[in-house]
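This report is a guided first reading for someone who has not met this structure before. Please keep the sequence and the 3D view at hand while reading.

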Amino acid sequence: MKLIGNASVQVGETAVETANLVAARISQQMTDQPASVLGLATGGTPVAVYQQLVRLHRQNGLSFSRVHTFNLDEYVGLAADHPQSYRMFMREQLFDSVDVDPERTFVPDGVASDLAAAAADHENAIRDQGGIDLQLLGIGQNGHIAFNEPGSALDSRTRVVDLTSSTIQANARFFADAAEVPTRAITMGIGTILESKSIVVMATGAAKAEIVRRALVGEETRDCPASYLRRHDGVTWYLDREAASQL
Ligand code: PGA
């Protein structure tokens, strides 16, 4: 573990080793505080983390029975049972394989008739649970955290946002066609994320090396929302060798 600014940085040899370190961190949080409030992320990067958490549940009895979970974001227009919705991703990767109470899992409602109210509901539900204890985050190649795209404000809250074409392009791999990727999402804001008690950011692969460098040691700017994570003193970055190669 080394320090860059006030961020702790832990580098694993491989993506799998890095994911196992993140899973160990989350599992430690749940052991220390079984009723933890966990902030969860979707995307390619955390898949191996969830696989390891499912293993820890099955083999070591790691229990999710008392946790509440809050996901960062959801696509606008995709219902909970849509195969590419983030609710479905979470069911497939984690929720259906562990003993979490579905009633305690919160993903923004992307098909609510009043999307602004759905965003406010997510904020309020987080507050009702006393805030997020540990937030898991990925980082987009454009520096986004959750769907807070470049230009997002430091004090932004959970809201409806437009996705950039680079994000739509990056996420097209999960859909049959780029034209099927929703163009809007509900996302926790940067202000919301920064209220988490601790934050774990995970990035793997050479394609993330430059943005990881910009986020950690480049200019703090709206153009790289992840650079705002420096404002928080409880952030740990978990990187593989490739993602750490420009530090
Ligand atoms: P990825 O997405 O894990 O699919 O690379 C990360 C992100 O966009 O936050």
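## A network of charged side chains

In this predicted model, E123, R127, R157 and E195 are linked to one another in a network of salt bridges. Within that network, E123 and R157 form a salt bridge in which the closest N and O atoms are 2.9 Å apart. E123 lies in helix 4 (residues 115–128), whereas R157 belongs to the loop between strand 7 and strand 8 (159–162), so the pair ties together parts that are 34 residues apart in sequence.

The two partners differ in how much of their surface is accessible: E123 is buried, with a relative accessible area of 8%, while R157 counts as partly exposed at 29%. As general background, side chains of opposite charge can pair when their charged atoms come close.

## Other salt bridges

A search of the whole structure finds eight salt bridges. One of them joins the side chains of R241 and E13, with a distance of 3.0 Å from N to O. R241 lies in the segment after strand 11 (235–240) and E13 in the loop between strand 2 (7–12) and helix 1 (15–32), so this contact ties together parts that are 228 residues apart in sequence. R241 is partly exposed, with a relative accessible area of 46%, and E13 also counts as partly exposed, at 46% relative accessibility.

Another salt bridge is formed by R231 and E220, whose closest N and O atoms are 2.8 Å apart. Both residues are found in the loop between helix 7 (209–217) and strand 11, and the pair therefore ties together parts that are eleven residues apart in sequence. R231 is exposed, with a relative accessible area of 52%, whereas E220 counts as partly exposed at 31% relative accessibility.

## The sheet

How are the strands arranged, and in what order do they form the open sheet? Eight strands make up this open sheet, in the order 1-2-11-10-7-3-4-6, and their pairing is mixed. The edge strands are strand 1 (2–4) and strand 6 (105–106), each of which pairs on one side only. In general, strands of a sheet pair through backbone hydrogen bonds, either parallel or antiparallel.

## Strand 3 and its neighbours

Strand 3 (residues 37–40) is covered on both faces: V37 and G39 on one side, and L38 and L40 on the other, are all buried. As a general rule, the side chains in a regular strand alternate between the two faces of the sheet.

Strand 3 is joined by four bridges to strand 4 (residues 68–71), and these two strands run parallel. The bridge partner of L40 in strand 4 is N71. Between these two strands the chain passes through helix 2 (residues 47–60), and the resulting β-α-β crossover is right-handed. Strand 3 is also joined to strand 7 (residues 134–137), in this case by two bridges, and here too the strands run parallel. In strand 7, G39 has Q135 as its bridge partner, and L38 stands opposite L134.

## The ligand and its surroundings

Which residues are around the ligand? They are G43, G44, T45, G138, I139, G140, H144, R173 and K208. Several polar contacts can be described atom by atom. A polar backbone atom of G44 is 2.8 Å from an oxygen atom of the ligand, and a polar side-chain atom of H144 lies 2.6 Å from a ligand oxygen atom. For R173, an N or O atom in the side chain is 2.9 Å from an oxygen atom of the ligand. Taken on its own, the ligand has 280 Å² of accessible area, of which the protein covers 82%.

## A residue in helix 3

R91 is placed in helix 3 (residues 86–93), and at 35% relative accessibility this residue counts as partly exposed. R91 and D240 are 149 residues apart in sequence, and their C-alpha atoms are 26 Å apart in space.

Note on methods:
Residues are numbered from 1 along each chain as its sequence is written. This is a predicted model: local features need pLDDT of at least 70, side-chain atom pairs count only at pLDDT 80 or more; totals for chains, interfaces and linings use all residues. Side-chain values use heavy atoms; hydrogens and water are left out. Buried means under 20% relative accessible area, exposed over 50%, partly exposed in between (1.4 Å probe, protein chains only). Two strands pair if DSSP finds at least two bridges between them. A crossover is right-handed if, with the strands pointing away from the viewer, the path from the first strand over the helix to the second runs clockwise. A salt bridge is a side-chain nitrogen of Lys or Arg within 4 Å of a carboxyl oxygen of Asp or Glu. A residue is near a molecule or strand if one of its heavy atoms lies within 4 Å of it. A polar contact is a pair of N or O atoms within 3.5 Å; within protein, one must be able to donate a hydrogen and the other to accept it, and residues adjacent in sequence count only if both atoms are side-chain atoms. Accessible areas come from the Shrake-Rupley method with a 1.4 Å probe; for residues, only the protein chains shown count as cover.
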